[in-house]
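Trainee: Let's go through this one together. I'd like to hear the cut-off behind every label you use.

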Amino acid sequence: MAAERWNAAGFRNRVDQVLHAFVAQEADLLAEVDPALGPVADQLESAVADGKRLRAAFCYWGWCAAGQPDSDALVRAAASMELVHAAAVVHDDLIDDSPLRHGRPTAHLALCGAVAGHPCPSAAARSLAMLVGDLLMSLAGQLFATCGLPAAYLSRARPLWSLLARELIAGECLEILHTGAVPDTTASLKVIRYKTAKYTVEQPLLIGGTLAGAGERLRAGYSAYGLPLGEAFQLRDDLLGLFGNPEHTGKADTDDVRGHRPTALLAETWRIAGPDERERLRGLLGRGEPDRAGLDAVREVMHRLGAPDRIENMISARVAEALDALHDLDVSACAADALAELARAATVRPY
């Protein structure tokens, strides 16, 4: 069975070993086609260099909580969830024109040097980044299919992959469609649910559980735990995106304001703002790269209206809902403890 006490660092190391070896081999094969592909191959490896490996952990415990033993083949299957995430991140950074990820230039900026002689270098670099993301998603499916679990197990879970992709793309599309629109909390929460919550917690749990042969009741419990927790994860990310220290988050703190993204934080600010505050926000959002004064002005309006506290309350309520669902799951104490610890890891993060 799984270890009696969840060793998060040890599990991350196991996933990292799988990811780094698998992607390095694929990057080498890509670069063998032509030396010019070297920078593209480098971005494949960069995309999986870092990460908390939460999605892999949820997949692992979806398997173990269903009564299955620890398995290297399952760890490989779980690692494929991190390749889905890597693909989503490359595409998301490209769509949002984000400059930083894990403190390094994002793929579409890192690849500018490779196309310096191109007639349209910026567009060419963006195109290369899009293809990096596409290849990462393809590699996710390849790693899953070759993980070493019995074919009958993989067959049970395969339909969930199309669902995962459909919902992830739906969420990304909804964010694009709502960007720049009048902020609306209901619409923002729907974006959060489909763009992040499902593929971060619920779907990895369900894939792990389905691989393990989990019954309908346990899988329903996974969703009851995973959906609110995934939403809390993204709500925390929204707060970190504007109020976090870029040295800690590894991401720029200007993206949401510059892009006028449909975050729940902005939606709640807008909902309780008066006419003068809304007019001020209109002048600050989506108008190019904000300076420090503009960014501080947005933060000041949000703090004055209490919007960050409202988001904190939404996070707390969702974590409580997830933990209540966890208490109702008929799983081992070890699995329950690990899932409770993962809930904390997903939602308690330093600013």
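Trainee: Let's start with Tyr-222: why does this residue count as buried?

Mentor: Its relative accessibility is 0%. Buried means under 20% relative accessible area, exposed means over 50%, and partly exposed is in between, with a 1.4 Å probe and protein chains only. The value is under the buried cut-off, so Tyr-222 is buried. Before we go on: this is a predicted model, where local features need pLDDT of at least 70 and side-chain atom pairs count only at pLDDT 80 or more, while totals for chains, interfaces and linings use all residues. Residues are numbered from 1 along each chain as its sequence is written, and side-chain values use heavy atoms, with hydrogens and water left out.

Trainee: Where is Tyr-222 found, and what does this residue touch?

Mentor: Tyr-222 is in helix α9. Helices are DSSP runs of H or I with at least four residues, strands are runs of E with at least two, and both are numbered from the N terminus. Leaving out residues up to four places away in sequence, Tyr-222 touches Trp-61, Gly-62, Ala-65, Ala-66, Leu-205, Leu-206, Gly-209 and Leu-329. A contact here means heavy atoms within 4.5 Å. Leu-329 is 107 residues away along the chain, yet the two C-alpha atoms are separated by 8.1 Å.

Trainee: What makes Arg-53 count as buried?

Mentor: Arg-53 has 4% relative accessibility, which is under the cut-off, so the buried label holds. This arginine sits in the loop between α2 (38–47) and α3 (54–64). Among the residues it touches, beyond those up to four places away in sequence, are Phe-11, Asp-16, His-20 and Glu-82.

Trainee: And why does Gly-113 count as exposed?

Mentor: At 62%, Gly-113 is over the exposed cut-off, so exposed is the right word. You'll find Gly-113 in the loop between α5 (107–110) and α6 (121–145). Its C-alpha is 8.7 Å from that of Pro-39, with their positions 74 residues apart along the chain.

Trainee: What is the phi of Asp-97, and why does this residue count as partly exposed?

Mentor: Phi of Asp-97 is about 55°, a positive value although the residue is not a glycine. Most residues other than glycine have a negative phi. As for the label, 39% falls in between the buried and exposed cut-offs, so Asp-97 is partly exposed. The residue lies in the loop between α4 (72–96) and β1 (100–101). His-102 has a positive phi too, near 55°, and its place is the loop between β1 and β2 (104–105). With 41%, His-102 is likewise in between, so partly exposed applies.

Trainee: How many cavities of 30 Å³ or more does a search of the whole structure find, and what makes a space a cavity?

Mentor: The search finds one. On a 1 Å grid over the protein atoms alone, a cavity is a set of points where a 1.4 Å probe fits but cannot get out. About 80 Å³ lies inside, where volume is the space filled by probe spheres set on the points, joined across faces, edges and corners.

Trainee: Which residues line the largest cavity?

Mentor: Lining residues have an atom within 4 Å of a point, and they include Asp-238, Leu-242, Arg-261, Thr-263 and Met-302. Helices α9 (216–243), α11 (255–259) and α12 (264–272) each supply at least two of the lining residues.

Trainee: How many helices and strands does the protein chain have, and how do you know that the chain is as compact as a globular protein of its length?

Mentor: The chain has 16 helices and two strands. Its radius of gyration is 21 Å, close to the 20 Å the globule rule gives for 351 residues, so the chain is as compact as a globular protein of that length. That radius is taken over C-alpha atoms, and the rule is 2.2 Å times the number of residues to the power 0.38. Buried residues make up 54% of the 351, and the C-alpha trace spans about 60 × 55 × 30 Å along its principal axes.

Conventions. 1 Å grid on protein atoms, 1.4 Å probe; cavity = no way out; pocket = protein on both sides within 12 Å on 5 of 7 lines; lining within 4 Å.
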